[in-house]
Amino acid sequence: MAMEDPERKTEVVLLACGSFNPITNMHLRLFELAKDYFHETGKYKVIKGIISPVGDAYKKKGLISANHRVTMAKLATKNSDWVEVDDWESSQSEWLETLKVLRYHHQKLLPPDATNSLEDAVPLTKLGRKRKQEPNRHEPVKKKNRSPDIKSVPQVKLLCGSDMLESFGIPNLWKLEDIAEIVEKHGLVCISRAGNNAQKFIYESDILWRHKNNIHLVEEWITNDISSTKIRRALRRGQSIRYLVPDVVRAYIERNNLYSPESEDRNAGVVLAPLQKNASDSKN
Ligand SMILES: Nc1ncnc2c1ncn2[C@@H]1O[C@H](COP(=O)(O)OP(=O)(O)OP(=O)(O)O)[C@@H](O)[C@H]1O
Ligand SMILES: NC(=O)c1ccc[n+]([C@@H]2O[C@H](COP(=O)(O)O)[C@@H](O)[C@H]2O)c1
Ligand SMILES: [Zn+2]
């Protein structure tokens with residue numbers, strides 16, 4: 001009686017977008033923290049985590065080739081039974097808005113006959129009901145006899161740190177309509193990060209406030225301020241990065257001599273792709 005009906009839980013896929021230059025232990029922790037959070041609510045079941053390294057066309061300073069970044073992320077997740085790396089985003093020749101990456105991964109989860117431009121026409125939660133239940137290759141078929149109310153299409157939520165949430169406020173970096181669609185149709189899971197105040201940021205934004213039910217703030221109590229920037233800095237200085245990144249990643253970096261003063265100068269003086277794109281969009 002008191003047992004929850006597992007079939008009624010909303011299935012969630014967590015998508016983390018970023019440079020992963022290189023992937024760190026903290027990136028991997030984000031997934032574990034978010035999964036614990038959702039399971040503790042009793043309402044969600046996290047079925048998968050996806051790491052999507054940004055493509056080279058993002059043009060961030062110090063960004064090394066996507067090839068290496070994807071390889072390192074794959075090495076780092078080798079032992080995870082639920083987090084995987086997807087190179088679809090990084091294999092595009094142009095930089096892609098994060099919303100487009102979310103849409104792509106959501107579409108991949110739809111039954112094959114539902115993928116034709118339904119996305120914008122039908123609210124996400126209705127998609128599963130509108131179409132006949134069909135197995136898809138991402139998920140084993142569950143018991144039949146589902147209640148029609150079960151949202152059978154998993155939600156794809158954007159997993160990020162609070163610095164990424166706060167980057168929504170940087171002029172020209174994000175389009176307002178993209179932010180709106182991310183929080184309205186998909187949802188956001190934000191892990192606290194030193195120096196950021198996500199709650200206040202949501203309070204100060206009308207659009208985020210309106211959709212705060214779809215923004216999940218997760219407090220990281222075992223605080224850990226590892227960042228890729230600090231890893232690259234340590235490497236340039238010949239310092240150890242052991243126990244800050246998975247050991248296979250450390251070995252791969254050393255073997256290929258990936259980070260140096262020269263690599264840090266990549267894209268120096270180049271305008272970041274979203275800034276470039278949004279500036280030229282606002283001119284036409
Ligand atoms: N220590 C951390 N705590 C919370 N979130 C984090 C942490 N490190 C990374 N993230 C999140 O992981 C995602 C990918 O981040 P990204 O690839 O930029 O890593 P990073 O460590 O912030 O790198 P960089 O220092 O180069 O900006 C972002 O959403 C970012 O907020
Ligand atoms: N408008 C947008 O969709 C937009 C703008 C800026 C960054 N991003 C994404 O956010 C992530 C930021 O990563 P970094 O913190 O490593 O720069 C990347 O995946 C990037 O593509 C998206
Ligand atoms: Zn970052």
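Biologist: Is Asp56 buried, partly exposed or exposed?

Modeller: Happy to start there, and please keep in mind that this is a predicted model. Partly exposed covers the range between under 20% and over 50% relative accessible area. Asp56 has 35% relative accessibility, so Asp56 counts as partly exposed.

Biologist: Where is the place of Asp56 in the chain?

Modeller: Look at the loop that runs between strand S2 (44–53) and helix H2 (66–77); Asp56 sits there.

Biologist: Which residues is Asp56 in contact with, leaving aside its neighbours within four places in sequence?

Modeller: Those residues are Leu63, Ile64, Ser65, Ala66 and Arg69. For Ala66 we can name the atoms: its backbone nitrogen is 2.8 Å from a polar atom of the Asp56 side chain.

Biologist: And which side chain meets Asp56 in a salt bridge?

Modeller: To read a salt bridge, look for a Lys or Arg side-chain nitrogen within 4 Å of an Asp or Glu carboxyl oxygen. Here Arg69 is the partner of Asp56, at 3.0 Å from N to O. Because Arg69 belongs to helix H2 and Asp56 to the loop between S2 and H2, the pair ties together parts 13 residues apart in sequence. Arg69 itself is buried, with a relative accessible area of 0%.

Biologist: How many salt bridges does the count come to?

Modeller: The count comes to 15 salt bridges. One of them joins Glu84 and Lys48, with 3.4 Å between the closest N and O atoms. That pair links distant parts of the chain, as Glu84 is in strand S3 (residues 83–85) and Lys48 in strand S2, 36 residues apart. Lys48 is buried at 13% relative accessibility, while Glu84, at 37%, is partly exposed.

Biologist: Which residue forms a salt bridge with Glu264?

Modeller: That is Arg236, and the closest N and O atoms are 3.2 Å apart. Glu264 lies in helix H11 (residues 261–264) and Arg236 in helix H9 (residues 228–236), so this pair ties together parts 28 residues apart in sequence. Glu264 counts as buried at 13% relative accessibility, and Arg236 as partly exposed at 32%.

Biologist: Which residues are linked in a network of salt bridges?

Modeller: Glu97, Lys100, Lys175 and Lys277 are linked that way.

Biologist: Let's try a helix. Which residues in helix H6 are buried?

Modeller: A general idea helps first. An α-helix has 3.6 residues a turn, so residues three or four places apart point the same way. In H6 (residues 176–186), the buried residues are Asp178, Ile179, Ala180, Glu181, Ile182, Val183 and His186. After H6 comes Gly187, with a positive phi near 115°.

Methods. Residues are numbered from 1 along each chain as its sequence is written. Chains are lettered from A and ligands numbered from 1 in the order in which they are written. This is a predicted model: local features need pLDDT of at least 70, side-chain atom pairs count only at pLDDT 80 or more; totals for chains, interfaces and linings use all residues. Side-chain values use heavy atoms; hydrogens and water are left out. Helices (H or I, at least four residues) and strands (E, at least two) are DSSP runs, numbered from the N terminus. Contact means heavy atoms within 4.5 Å. A polar contact is a pair of N or O atoms within 3.5 Å; within protein, one must be able to donate a hydrogen and the other to accept it, and residues adjacent in sequence count only if both atoms are side-chain atoms. Buried means under 20% relative accessible area, exposed over 50%, partly exposed in between (1.4 Å probe, protein chains only).
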